[in-house]
Amino acid sequence: AGGCCCCLAAALPLLLLLLPAGCPVRAQNDTEPIVLEGKCLVVCDSSPSADGAITSSLGISVRSGSAKVAFSATRSTNHEPSEMSNRTMTIYFDQVLVNIGNHFDLASSIFVAPRKGIYSFSFHVVKVYNRQTIQVSLMQNGYPVISAFAGDQDVTREAASNGVLLHMEREDKVHLKLERGNLMGGWKYSTFSGFLVFPL
């Protein structure tokens with residue numbers, strides 16, 4: 001704690017100049033870091049994390065609040081299976097509506113986490129004129145996390161939908177896989193979306 005106070009004392013005049021006018025400075029108790037609240041968060045920490053932060057030799061970690069991650073993909077046409085989709089049973093999307101950060105790869109239809117954090121995912125997969133029951137799973141690093149089913153034989157259109165919050169490490173991968181049923185026809189208007197809730 002003593003080293004932290006020393007580094008803050010040395011850097012405080014410069015930090016105050018960088019803060020906008022009227023920005024409050026709040027001192028916390030001895031067991032917590034001292035935080036200056038403004039457009040950026042400056043935390044004096046004896047062991048700061050380098051993940052997504054700029055760290056000086058004094059141990060001052062400056063984290064930007066502007067790191068945003070979000071994607072939403074859809075199918076604009078009915079899906080006809082290719083050789084690859086028949087082999088991997090991956091559900092492919094052909095149009096990106098949102099891809100902030102460019103972490104969703106349209107060609108592979110895989111999202112790659114840019115950093116450790118809590119992420120939210122949801123999917124809505126439509127089957128059309130298909131009397132088979134389908135099972136769609138959200139896969140994290142090749143393992144199913146959640147699934148959804150659609151199996152009503154008396155309707156022409158039905159959707160398998162689900163959503164989840166996931167703890168992900170940097171470079172973890174997420175995609176949708178058809179675990180049961182077939183890929184013939186349908187799938188138009190299906191969607192797959194996700195975003196970073198908060199980093200860890």
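**Exercise 1. Work out how the ring of Phe 71 is placed against its aromatic partners Phe 104 and Phe 192.**

Solution. The structure holds 10 aromatic pairs, where rings of Phe, Tyr and Trp (its six-membered ring) pair if their centres lie within 6.5 Å, and planes under 30 degrees apart count as stacked, over 60 as edge-to-face and the rest as tilted. Since the centres of the Phe 71 and Phe 104 rings are 4.7 Å apart and their planes stand at 5 degrees, this pair is stacked. It joins distant parts of the chain, with Phe 71 in strand β6 (residues 70-74) and Phe 104 in strand β8 (residues 104-105), 33 residues apart; strands (E, at least two residues) are DSSP runs, numbered from the N terminus.

Phe 71 also pairs with Phe 192, here edge-to-face, at 5.1 Å centre to centre and with 80 degrees between the planes. This second pair links Phe 71 in β6 to Phe 192 in strand β15 (residues 191-199), 121 residues apart.

The model is a predicted one, in which local features need pLDDT of at least 70 and side-chain atom pairs count only at pLDDT 80 or more, while totals for chains, interfaces and linings use all residues. Residues are numbered from 1 along each chain as its sequence is written, and side-chain values use heavy atoms, with hydrogens and water left out.

**Exercise 2. Decide whether Phe 71, Phe 104 and Phe 192 are buried or exposed, and place Phe 192 in its wider surroundings.**

Solution. Buried means under 20% relative accessible area, exposed over 50%, and partly exposed in between (1.4 Å probe, protein chains only). Phe 71 has 4% relative accessibility and counts as buried, Phe 104 is buried at 5%, and Phe 192 is buried at 0%.

Phe 192 belongs to one aromatic cluster together with Phe 71, Phe 93, Phe 104, Phe 111, Tyr 119 and Phe 121. The largest nonpolar core (a set of buried Ala, Val, Leu, Ile, Met, Phe, Trp, Tyr and Cys residues joined through side-chain atoms within 4.5 Å) has 29 residues, and Phe 121 and Phe 192 are among those with the most contacts inside it. Elements giving two or more residues to this core include β6, β10 (117-128) and β15.

**Exercise 3. Characterise the backbone and surroundings of Asn 102 and Ser 109.**

Solution. Most residues other than glycine have a negative phi. Asn 102, however, has a positive phi of about 60 degrees; it lies in the loop between β7 (95-100) and β8, and at 64% relative accessibility it counts as exposed. Ser 109 likewise has a positive phi, near 55 degrees, and sits in the loop between β8 and β9 (110-112), but Ser 109 is buried, with a relative accessible area of 0%. Not counting residues up to four places away in sequence, Ser 109 has contacts (heavy atoms within 4.5 Å) that include Phe 93, Phe 104 and Phe 192.

**Exercise 4. Identify where the model calls for caution.**

Solution. The mean pLDDT, the predictor's confidence in each residue from 0 to 100, is 76 for the protein, and 64% of its residues reach 70 or more. It stays under 50 over residues 2-12 and is below 50 over residues 53-66. Where pLDDT is low, the predicted coordinates should not be read in detail.

Note on methods:
Helices (H or I, at least four residues) and strands (E, at least two) are DSSP runs, numbered from the N terminus.
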